[in-house]
Amino acid sequence: MIVSSAPGKVYLFGEHAVVYGEPAVPCAIERRATVTVDARTDDHIRVEARDLSLDGFTVEYAGDTGYRPDVDVPEGLVDAAVGYVDAAVEQARDAADAPDAGFDITVESEIPLGAGLGSSAAVVVAGIDAATRELGVELAPEELADRAYRAEYDVQDGQASRADTFCSAMGGAVRVEGDDCRQIDTPNLPFVVGFDGGAGDTGELVAGVRTLREEYDFAADTVESIGDIVRTGESMLADADPESEPTDELLSELGRLMNFDHGLLEALGVSSRTLDNMVWAAREAGAHGAKLTGAGGGGCIVALDETPETRTALRYTAECRDAFRAELDREGVRVEELGPDASARSDAEPNAEGERR
Ligand code: MEV
């Protein structure tokens with residue numbers, strides 16, 4: 001048995017535009033999805049999902065991806081739990097050259113589903129890590145990120161960038177522009193998250209922006225302007241000392257860029273009344289800036305505030321279900337627990353391809 005976990009993330013800026021080759025800066029946060037994998041003697045997959053926003057469930061099925069069990073829970077939850085886990089299993093089987101491997105899989109997540117905090121990326125990254133290790137193969141984090149991206153890409157019908165999966169695999173703050181993914185140094189940014197209790201459909205929201213962009217030049221210009229915001233923000237971060245607390249000047253400049261970014265995302269049609277209300281509550285409480293995070297449509301906003309004011313104000317905002325401080329998590333995917341068989345295997349060194357000798 002292997003237990004791996006991977007962090008969720010917030011976008012400092014750049015979501016949606018990153019799908020069209022503009023840069024984005026997501027940051028991993030200390031909220032994790034944990035996946036436990038036990039190899040089976042047959043080719044069945046049994047998925048137990050717990051704490052995924054709604055009541056948990058267990059399903060068992062054999063074989064091919066694309067199969068959806070008939071269970072009495074909302075389709076979105078089944079798709080999220082089974083679709084992403086399926087895709088992770090396919091990647092693990094491929095990486096370990098074990099096409100018939102079966103697993104018992106338990107998913108436990110502190111990250112609300114479809115709410116802009118990268119729950120699916122975290123489940124896929126932790127799932128591939130645990131399943132490959134269970135088959136005796138250890139992948140380097142970069143390869144894990146690449147395989148997790150391919151899994152998300154399949155489930156989301158090609159509507160995915162590398163941002164969420166790379167950030168979850170590597171941890172910390174990252175910069176993603178097309179296939180160019182790298183970690184960047186940032187000071188500890190004082191993120192506060194507000195959650196409206198809802199979720200957005202990433203595929204639908206990305207498709208909506210794609211249509212707007214094809215239809216109107218000014219929508220295409222808006223996407224490019226988001227890229228300009230990211231480039232401005234990352235040069236500010238590059239000038240900051242990652243070892244020190246962020247200065248007031250840095251926070252207010254980043255906050256202003258976050259406000260700009262939210263305005264442009266709103267113009268692209270991916271915000272919502274509840275997200276806008278939480279953004280305004282955060283700004284009125286004195287946050288340096290606030291914006292939606294992730295695909296939008298509902299879910300979470302992220303604000304920058306080193307004081308408790310924004311969190312308190314959000315907790316008194318009718319549209320806000322939960323508000324919490326989100327510390328930057330500098331660690332990406334990690335093993336939480338190795339079973340007896342796996343710990344024996346883990347004594348071997350991984351080779352250049354990440355495989356154990
Ligand atoms: C979703 O968390 C972020 C989007 O930019 C889609 C993606 O990058 O895959 C909306």
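## Aromatic pairs

In this predicted model, the count of aromatic pairs comes to two. One of them joins Tyr-216 and Phe-218: the ring centres are 4.9 Å apart and the planes meet at 20 degrees. Planes under 30 degrees apart count as stacked, so this pair is stacked.

The two partners differ in exposure class. Tyr-216 is partly exposed, at 34% relative accessibility. Phe-218 is exposed, with a relative accessible area of 56%.

## Charges over rings

Two arginines sit over aromatic rings. Arg-31 lies over the face of Phe-324, 3.8 Å from the ring centre. Arg-283 places its charged end over the ring of Trp-280, at 4.8 Å from the centre.

## Ligand shell

Where does the ligand lie relative to domain 1 and domain 2? Domain 1 (2–184 + 332–346) and domain 2 (191–326) both contribute residues to the shell, so the ligand lies between them.

The shell includes Lys-9, Tyr-11, Glu-15, His-16, Ala-160, Ser-161, Asp-164, Val-206 and Gly-294. By class, the shell has six nonpolar, three polar and three charged residues.

## Ligand contacts and burial

Ligand oxygen atoms make polar contacts with Ser-161, His-16 and Lys-9. For Ser-161, a side-chain N or O atom is 2.6 Å from a ligand oxygen. His-16 uses a backbone N or O atom, at 2.9 Å from a ligand oxygen. For Lys-9, the side chain has an N or O atom 3.4 Å from an oxygen of the ligand. Taken alone, the ligand exposes 300 Å², and the protein buries 96% of that area.

Terms used. Residues numbered from 1 in each chain as written. Predicted model: local features only at pLDDT ≥ 70, side-chain atom pairs only at ≥ 80, totals over all residues. Heavy atoms only, no water. Near = heavy atom within 4 Å. Polar contact = N/O pair within 3.5 Å; in protein donor to acceptor, adjacent residues only side chain to side chain. Areas by Shrake-Rupley, 256 points an atom, 1.4 Å probe, with all protein chains shown as cover. Nonpolar A, V, L, I, M, F, W, Y, C, P; charged D, E, K, R; others polar. Domains from an automatic or database assignment. Phe/Tyr/Trp six-rings, centres within 6.5 Å; stacked < 30°, edge-to-face > 60°. Buried < 20%, exposed > 50% of the residue type's maximum accessible area, 1.4 Å probe, protein only. Lys NZ or Arg CZ within 6 Å of the ring centre and 35° of its normal.
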